[in-house]
Structures are given as structure tokens and as C-alpha cells.
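Q: I would like a close look at one part of this model, with its surroundings worked through step by step. Please keep it brisk.

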Amino acid sequence: MFSASLYPLVTALLCNIVAQCAKTIHYYYKSGHWDLHWVIASGGFPSSHSSTVTGLAMAIGIQEGFNSALFAVTAVFAFIVMYDACHVRYYSGKNIELTKQLVIDLQEVSGIQFDQPIYKEQLKTILGHKFGEVAGGFVLGLIIPLILTPLFLG
């Protein structure tokens, strides 16, 4: 079959690719419009960050054992990434939305136009994920390693 040493890497990469492609399909079902931008976008359902790190941890657990130190390291890494995606990055995006709205409100109320280039920058507001998006990535990261196991570890 394939080299067992590549199993964790291929699994993690495939989890990322599947999640990114699934975002496009999910967006289509939600809106009725195809938007290929979702293939490379951060945010959205399912979380590719969550699926990637969960898939990596699962593959390491399957290959090295769920009682190994390497699995413990990858599992902790996965939880940190998922927490960050769901909380830190999500609320950073919310802060950007709030700041942009405050600038608009200030301009309307005061009549002053802010001319500095910083006020013209297009900042991305979708940086992180809601809990359901992270959970979707987590589930995807559990399933894909199980599908790939026979190909690498036969």
C-alpha cells in the first residue's frame, strides 16, 4: 500500500482539503450560490483547523497508540487550536466588526471624515469559528483517519 510513516501527514492534509471543499458545498446549500472563495477561506463550516489537528492526533493515536507521549502532545495541540479557533480568533473578528462600525458611527455623528489609509483598509471579519463549526471539523477529523487506516497500516 502506502508508507506507514506518511500516514499522519497524509491524513492531516486530506482532512484539511476535505474540510475546505466541504465549506463550499455547505455555503451552496445555505445560499443557493456557488462561491469557490470558500475553498481557501478561513471560518465557516466545517473548521479545517479543527479537522486537520484532530485528524493528525487520531492518526498518531492509531499508529503509535493512544497511550503514547506523541499522541498526548498532538491531542493537547489539537485542543489548543480548536479553543483558539472557537474563542480567540472568533472574538478577534467580532472586535474588528465592532471597530469598523464605531468608525462609521463616528463619521456620521461628527461629520468628520477619517482620511488616513488605516481607515480604508479592508479587514477580514471572519477569522474564527462558532462552536458548531469547530465540532463539525472535529468529527471530520475523527472519520478520515479511520477511512485511511487500511491504506497505510493495512
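Where is Pro46 found?

A: Pro46 is found in the loop between H1 and H2. Helices here are DSSP runs of H or I with at least four residues, strands are runs of E with at least two, and both are numbered from the N terminus. This is a predicted model, where local features need pLDDT of at least 70 and side-chain atom pairs count only at pLDDT 80 or more, while totals for chains, interfaces and linings use all residues. Residues are numbered from 1 along each chain as its sequence is written, and side-chain values use heavy atoms, with hydrogens and water left out.

Start with the backbone. The peptide bond from Phe45 to Pro46 is cis. Its omega is near -10 degrees.

Next comes Lys23. Lys23 sits in helix H1. It counts as buried, at 1% relative accessibility. Buried means under 20% relative accessible area, exposed means over 50%, and partly exposed lies in between (1.4 Å probe, protein chains only). Beyond its neighbours within four places in sequence, Lys23 is in contact with Trp38, Ala41, Ser42, Gly43, Gly44, Phe45, Pro46, Ser48 and His129. Contact means heavy atoms within 4.5 Å. So both partners of the cis bond, Phe45 and Pro46, are on the contact list of buried Lys23. Along the sequence, Lys23 and Thr11 are 12 residues apart, with 18 Å between their C-alpha atoms.

Two of those contacts deserve a closer look. Ala41 lies in the loop between H1 and H2. It is buried at 5% relative accessibility. Ile104 is 63 residues from Ala41 in sequence and 26 Å away, C-alpha to C-alpha. Ser48 belongs to helix H2, residues 48–64. It is buried too, with a relative accessible area of 4%. Not counting residues up to four places away in sequence, Ser48 touches Asn16, Ala19, Gln20 and Lys23.

His129, another contact of Lys23, leads to Tyr91. The C-alpha atoms of Tyr91 and His129 are 9.2 Å apart, although 38 residues separate them in sequence. Tyr91 lies in helix H3, residues 69–110. It is partly exposed, at 49% relative accessible area.

Ala19, touched by Ser48, opens the way to the core. The largest nonpolar core has eight residues: Tyr7, Cys15, Ala19, Ala59, Leu140, Ile144, Leu148 and Phe152. Such a core is a set of buried Ala, Val, Leu, Ile, Met, Phe, Trp, Tyr and Cys residues joined through side-chain atoms within 4.5 Å. Helix H1 (7–31) and helix H4 (131–153) each supply at least two of its residues. H4 gives the largest share, four residues. A second, separate core has seven residues, among them Val53, Ala85, Cys86 and Val134. In soluble globular proteins, nonpolar side chains tend to be buried together.

Tyr7 shows the core packing at the residue level. Leaving aside neighbours within four places in sequence, Tyr7 is in contact with Ala59, Ile62, Gln63, Pro145, Leu148, Thr149, Phe152 and Leu153.

The cysteines remain. Zero disulfides turn up in a search of the whole structure; a disulfide is a pair of cysteine sulfur atoms within 2.5 Å. Cys15 is in no disulfide, and the nearest cysteine sulfur, that of Cys21, is 13 Å away. Cys15 is buried, at 0% relative accessible area. Cys21 is likewise in no disulfide. Its relative accessibility is 37%, so Cys21 counts as partly exposed.
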